[in-house]
Amino acid sequence: MPNTEPGFRLRRARPRVAIVGATGAVGRELLGILAERDFPVEELRLLASPRSAGRVLTFRDHDIGVEVLGEQSFAGVDLALFSAGSGTARDWAPIAVRHGAVVIDNSSAFRMSPGVPLVVPEINAAEIAHHEGIIANPNCAAIIAITPLWPIHRRNRIRRLILSTYQAASGGGAAAMDELVAATGAHLAGAPFTPRVLPHPYAFNLFSHDTKIDPATGYNDEETKVINETRKIFGDAEIRVGVTCIRVPVLRAHAVAATLECERPIDPEEARALIAAAPGCRLVDDPAANHFPMPLEATGADDILVGRIRRDLSDPSGHSLSLFVAGDQLRKGAALNAVQIAERLLP
Ligand SMILES: NC(=O)c1ccc[n+]([C@@H]2O[C@H](COP(=O)([O-])OP(=O)(O)OC[C@H]3O[C@@H](n4cnc5c(N)ncnc54)[C@H](OP(=O)(O)O)[C@@H]3O)[C@@H](O)[C@H]2O)c1
């Protein structure tokens with residue numbers, strides 16, 4: 001039976017959990033994070049497409065067979081973690097909710113829908129209380145970019161934000177990661193390689209994010225998501241955001257250069273102290289050693305690394321800062337954020 005009370009919690013303290021897209025890059029990370037964080041699981045159902053029929057994945061040393069997503073997949077399920085793309089979410093998340101489950105969806109299908117909270121727990125966990133069955137996990141570049149900016153925004157409103165992203169292959173899923181490895185191997189061997197997943201050669205190259213460009217704005221879909229989602233998560237429809245999203249040949253952690261302009265003057269030391277005290281963030285900011293956030297050091301970490309905090313010299317008014325962040329978007333940008341939301345739904 002569907003639950004109709006806004007903000008309803010999971011029916012059981014040890015929920016029955018389904019992962020839709022369990023075989024993918026985010027899905028496999030979800031398996032690891034549920035185990036690592038000791039999330040109580042009565043039963044785990046692993047769901048994917050017919051391509052994965054017969055595959056077996058491991059959860060807490062137990063082998064679990066992957067099932068093909070179908071009409072009966074959500075019977076008895078309390079929590080459905082979706083990481084299978086927008087189309088699958090649109091088709092199946094409402095069915096999971098009708099079976100009484102809470103859905104946490106990693107795709108963009110519902111992020112901007114009214115009645116669907118878009119949540120980064122470090123920023124707006126209170127929004128979870130308003131869900132009507134579906135909670136959306138934000139875009140990975142948005143989560144990595146704005147989680148460290150929230151403590152600044154809360155203290156001294158950011159009125160304008162310019163972001164440049166350096167996005168890893170993992171953002172394109174398991175197949176894009178495999179393509180980066182294969183393309184790099186072929187390049188080093190001097191062998192020809194034809195990209196199949198991404199639109200351009202990826203080894204020793206970078207290119208503009210491969211999503212559709214809106215002719216009206218010149219922004220691609222990824223950039224538009226970052227703008228809209230920042231406004232929704234911050235609860236600030238007026239914040240002015242400009243973004244350039246770039247794919248770089250890094251396996252699995254995004255980096256972002258940010259320049260922000262606050263309403264009042266802001267000092268780099270003040271920002272450093274705010275970020276150092278913020279949950280989910282860790283300062284890596286050592287100019288003497290030229291040691292700043294790097295994707296390799298962010299890989300596998302829960303915290304978003306933040307550094308290069310300095311005045312923006314192009315703004316002599318003292319209202320602006322620049323900084324650089326790196327975060328593992330398969331973890332904080334997707335699976336970890338989803339499990340953090342799920343933890344807040346336990347009865
Ligand atoms: N990668 C990231 O960093 C990231 C971050 C935030 C959000 N997301 C979002 O999370 C979702 C998954 O991304 P990913 O990177 O994990 O992609 P992925 O590695 O390509 O995995 C996709 C998963 O979805 C399953 N799937 C695809 N079509 C399906 C269908 N019709 N029915 C059932 N299962 C289906 C796949 O199953 P098969 O193996 O059987 O094909 C696979 O398990 C996407 O919506 C993505 O936008 C990704």
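In this predicted model, the largest pocket makes a good place to begin, and about 1,100 Å³ of space lies within it. The lining of this pocket counts 44 residues, and those closest to the centre are S83, A84, G85, G171 and G173. By character, the lining residues fall into 16 nonpolar, 22 polar and six charged. Several elements take part in the lining: helix 1 (25-36), strand 2 (43-48), helix 2 (86-98), helix 6 (174-189), helix 7 (221-234) and helix 10 (331-343) each contribute at least two residues.

One of the residues closest to the pocket centre, S83, deserves a visit of its own. S83 is found in the loop that runs between strand 5 (79-82) and helix 2. Is S83 buried or exposed? Its relative accessible area is 16%, and because the cut-off for a buried residue is under 20%, S83 counts as buried. Once residues up to four places away in sequence are set aside, S83 touches V20, G21, V26, G27, L30 and N106. A further link across the chain is seen with I19: 64 residues separate S83 and I19 in sequence, yet their C-alpha atoms are 7.4 Å apart in space.

Attention now turns to the sheet. Seven strands make up an open sheet with mixed pairing, and their order is 9-10-8-11-14-13-12. Strand 9 (207-208) and strand 12 (281-283) stand at its edges; each has a single partner strand, so one side of each is left without a neighbour in the sheet.

Starting from the edge at strand 9, this strand runs antiparallel to strand 10 (residues 240-247), and two bridges join them. Here F207 has R247 as its bridge partner, while S208 stands opposite I246. On its other side, strand 10 runs parallel to strand 8 (residues 158-167), the two being joined by eight bridges. Within this pairing, I162 of strand 8 is matched with G242 of strand 10. Strand 10 is also mostly covered, with six of its eight residues buried.

At the opposite edge, strand 12 pairs in the parallel sense with strand 13 (residues 304-311) over three bridges. The bridge partner of R282 in strand 13 is L305. Strand 13 in turn runs antiparallel to strand 14 (residues 320-327), with five bridges between them. L305 appears again in this second pairing, where it stands opposite A326 of strand 14.

What lies packed inside the model comes last. In soluble globular proteins, nonpolar side chains tend to be buried together. The largest nonpolar core holds 60 residues here, and F74, F82, I152, L163 and L260 have the most contacts inside it. Which residues does L163 contact, leaving aside its neighbours within four places in sequence? They are A145, V226, V241, G242, V243, T244, V256, A257 and A258. Among them is G242, already met as the bridge partner of I162. Apart from this core lies another, of 44 residues, including A22, V26, I128 and A342. V26 of this other core is also one of the residues touched by S83, which brings the account back to the pocket where it began.

Technical notes
Residues are numbered from 1 along each chain as its sequence is written. This is a predicted model: local features need pLDDT of at least 70, side-chain atom pairs count only at pLDDT 80 or more; totals for chains, interfaces and linings use all residues. Side-chain values use heavy atoms; hydrogens and water are left out. A nonpolar core is a set of buried Ala, Val, Leu, Ile, Met, Phe, Trp, Tyr and Cys residues joined through side-chain atoms within 4.5 Å. Buried means under 20% relative accessible area, exposed over 50%, partly exposed in between (1.4 Å probe, protein chains only). Contact means heavy atoms within 4.5 Å. On a 1 Å grid over the protein atoms alone, a cavity is a set of points where a 1.4 Å probe fits but cannot get out, and a pocket is an open set with protein on both sides within 12 Å along at least five of seven lines; lining residues have an atom within 4 Å of a point. Grid points are joined across faces, edges and corners, and a volume is the space filled by probe spheres set on the points. Helices (H or I, at least four residues) and strands (E, at least two) are DSSP runs, numbered from the N terminus. Ala, Val, Leu, Ile, Met, Phe, Trp, Tyr, Cys and Pro count as nonpolar, Asp, Glu, Lys and Arg as charged, and the others, Gly among them, as polar. Two strands pair if DSSP finds at least two bridges between them.
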